[in-house]
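User: Please take a close look at the second largest pocket in this model, and set the largest pocket beside it for reference. Which parts of the chain form the lining, and what kinds of residue are there?

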Amino acid sequence: MNRHDQYRQFVQERKACTACNGLTNAAEIDGGINDSDRIGPYSRWQGNLDAELMVVAQDFADVERFRRVRGWPDEHAGTNLRLVELLAEAGITIEAPCAGMSEDRVFFTNAVLCMKRKDTTIPKDCFRRCGERFLRPMIELVAPQIVVTLGGGALQATCHAFGHHPPRRLADAATNPIRLNPKSVLMPLYHPSGRVFNRYRSMENQRQDWRRVRQLLARPLMC
């Protein structure tokens, strides 16, 4: 089975998944009218199966917001616009998301693919379950040189999926890549939200983090 057939199979498995109580599959929201043929809504923006860089965010949205943006990454969301700026520090130029258009220069996904209810938190078990069922297979399928996780939830899911203990402090993890397999290393970074910039990691420090991603991408892969 080639990688495109494998990807289509993963998408169908994702559409059928009902493993997590309290979360709603995009295929079930309004009859799936805003679902897609991609592993998740974030991959509609950037879904290159040959990407050297994969970005793993935490979760996409709650059900109401998913409806409001019609299953596409929000072109006005500050997090998405800041991510565009930070990727430029890694030497990768992408456009802001635009509903109905996929750019596919890199690969974006979420640690948890289903939608939560408004004003709720996602149980830790869902991060572990979705990481095992979908995140690890997608990382192995795309086989990027670097996997960047955004925030603690995405880091926990990725580390658990590959049998690693996540670093205790994200500040330390941001400077210490983790080997996931012979093809991919994990670079844990902070989430580019306004709250994180204001309280935990400034924009300038995050720019420096992404410059390290650029340096890693420029190095030959060492198995």
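Analyst: Helices (H or I, at least four residues) and strands (E, at least two) are DSSP runs, numbered from the N terminus. The model is predicted, so local features need pLDDT of at least 70 and side-chain atom pairs pLDDT 80 or more, while totals for chains, interfaces and linings use all residues. Residues are numbered from 1 along each chain as its sequence is written, and side-chain values use heavy atoms, without hydrogens or water.

The second largest pocket (on a 1 Å grid over the protein atoms alone, an open set of points where a 1.4 Å probe fits, with protein on both sides within 12 Å along at least five of seven lines) has a volume, the space filled by probe spheres set on the points, of about 330 Å³. Its lining (residues with an atom within 4 Å of a point) holds 15 residues, and nearest the centre are Ile 122, Lys 124, Phe 127, Gly 153 and Gln 156. Two or more lining residues come from each of β1, α4 (124-142) and α5. The largest share, 5 residues, belongs to α5. By class the lining has 4 nonpolar (Ala, Val, Leu, Ile, Met, Phe, Trp, Tyr, Cys, Pro), 4 charged (Asp, Glu, Lys, Arg) and 7 polar residues (the others, Gly among them).

The largest pocket has a volume of about 880 Å³. Of its 31 lining residues, Gln 58, Asp 59, Thr 79, His 191 and Ser 193 are closest to the centre. Here β1 (53-59), α3 (78-89), α5 (152-161) and α7 (194-199) each give two or more residues. This lining divides into 15 nonpolar, 10 polar and 6 charged residues. Both β1 and α5 thus appear in the two lists of contributing elements.
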